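Me: I'd like to learn to read this model feature by feature. Could you take me through it, general idea before the case at hand?

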Amino acid sequence: MGKEAELIGMLRDNGMTIACAESLTGGLVSGTLVSVPGASYAFMEGFVTYDIGAKHRTLGISKDILDKEGAISPVTAREMAIGAAKKAGTDMALATTGNAGPDPSEGKPVGLVYTAVYIKGNVQVYEHMLKGTRPEIREQTVNAVIEEAWHLLSEQTER
């Protein structure tokens, strides 16, 4: 059983729901979660907000934040997770934003990725400097955010 199955199981067992806001992963996180049998008990919604304008329109991130921070930033990742949870009405939300390549974007290097995990009002943001091809960076991002979510939820449900 992969971490995605364990995460869905923990969410289901605790009566919690999840949503995703994705940029560079383009729906891969959502797709990975819904590949788990029984995901419908926990997974509510996925938002692919690849364009900076979509982050504003769909997730409600302020234009000021996006203009100041750009799409690839810890602040944007945090706001994406909050926006997804708020829009979907979920207990948990995962967010991914970054540069999978092949060229620098916003002056940020290929492989710079931010992930965020929202759980009931608390948000944890992670910075990653990943290596590999575009598909490899995207896959590493999916694995990272699911692992981070699993870890944080495990800590919370043990209390």
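Reply: Let's start with burial, keeping in mind that this is a predicted model. A residue counts as buried under 20% relative accessible area, as exposed over 50%, and as partly exposed in between. Now take strand β4 (residues 112–119). All told, 8 of the 8 residues of β4 are buried, so the strand is largely enclosed by the rest of the structure.

Me: Which way do the residues of β4 point?

Reply: The general idea first: in a regular strand the side chains alternate between the two faces of the sheet. In β4, L112, Y114, A116 and Y118 point one way, while V113, T115, V117 and I119 point the other way, and all are buried.

Me: How many residues of strand β3 are buried?

Reply: Strand β3 (residues 92–98) is mostly covered, with 7 of its 7 residues buried. M92, L94, T96 and G98 face one way from β3, and A93, A95 and T97 face the other way.

Me: Let's move to pairing. Do β3 and β4 run parallel or antiparallel?

Reply: Two strands pair if there are at least two bridges between them. β3 and β4 pair in the antiparallel sense, over 7 bridges. You can pick out the partners by eye: A93 stands opposite Y118, and M92 stands opposite I119.

Me: And what does β4 do with β5?

Reply: That pair is antiparallel as well, over 8 bridges. Look at Y114, whose bridge partner in β5 is E127. The two strands form a hairpin with 2 residues between them.

Me: Where is H128, and is it buried or exposed?

Reply: H128 lies in strand β5 (residues 122–129). Its relative accessible area is 14%, so H128 is buried. H128 and Y114 are 14 residues apart in sequence, with their C-alpha atoms 6.2 Å apart in space.

Me: Which strands pair in the parallel sense?

Reply: Strand β1 (residues 18–22) pairs in the parallel sense with strand β2 (residues 43–48) over 5 bridges. The chain gets from β1 to β2 through helix α2 (residues 28–34), and this β-α-β crossover is right-handed. For one contact to find on screen, I18 has F43 as its bridge partner in β2. β1 also runs parallel to β3, joined by 5 bridges. There, C20 has L94 as its bridge partner.

Me: How should I read backbone angles, and what about K120?

Reply: Most residues other than glycine have a negative phi, and most peptide bonds are trans. K120 has a positive phi of about 45° although it is not a glycine. K120 sits in the turn of the β4–β5 hairpin. At 51% relative accessibility, K120 counts as exposed.

Me: What is there to see in the loop between β3 and β4?

Reply: Two things to look at. E106 is found in that loop, and its phi is near 55°, a positive value in a residue other than glycine. With a relative accessible area of 40%, E106 is partly exposed. P102 has its place in the loop between β3 and β4 too, and a cis peptide bond joins G101 and P102, with omega about 20°.

Me: Could we do a helix residue? Where is A88, and is it buried or exposed?

Reply: A88 is in helix α5 (residues 74–88). At 18% relative accessibility it falls under the cut-off, so A88 counts as buried. A88 and F47 are 41 residues apart along the chain, and their C-alpha atoms are separated by 9.5 Å.

Me: What lines the largest pocket?

Reply: The lining has 13 residues, of which S23, Y50, I72, G98 and S105 lie nearest the centre. By class, that lining has 5 nonpolar, 6 polar and 2 charged residues. The volume of the largest pocket is about 190 Å³. You've met G98 already, as one of the buried residues of β3.

Me: Now zoom out. What pattern does the chain follow?

Reply: The protein chain has 6 helices and 5 strands, in the order α-β-α-β-α-α-α-β-β-β-α along the sequence. With 159 residues, a compact globule would have a radius of gyration near 15 Å, and the 14 Å of this chain agrees with that. The C-alpha atoms fill a box of roughly 45 × 30 × 25 Å along the principal axes. Back to burial, where we began: 49% of the 159 residues count as buried.

How values were computed: Residues numbered from 1 in each chain as written. Predicted model: local features only at pLDDT ≥ 70, side-chain atom pairs only at ≥ 80, totals over all residues. Heavy atoms only, no water. 1 Å grid on protein atoms, 1.4 Å probe; cavity = no way out; pocket = protein on both sides within 12 Å on 5 of 7 lines; lining within 4 Å. Points joined across faces, edges and corners; volume = space filled by probe spheres on them. Nonpolar A, V, L, I, M, F, W, Y, C, P; charged D, E, K, R; others polar. Helix = DSSP H or I, 4+ residues; strand = E, 2+ residues; numbered from the N terminus. Right-handed = clockwise from strand over helix to strand, strands pointing away. Rg over C-alpha atoms; globule rule 2.2 N^0.38 Å. Buried < 20%, exposed > 50% of the residue type's maximum accessible area, 1.4 Å probe, protein only.
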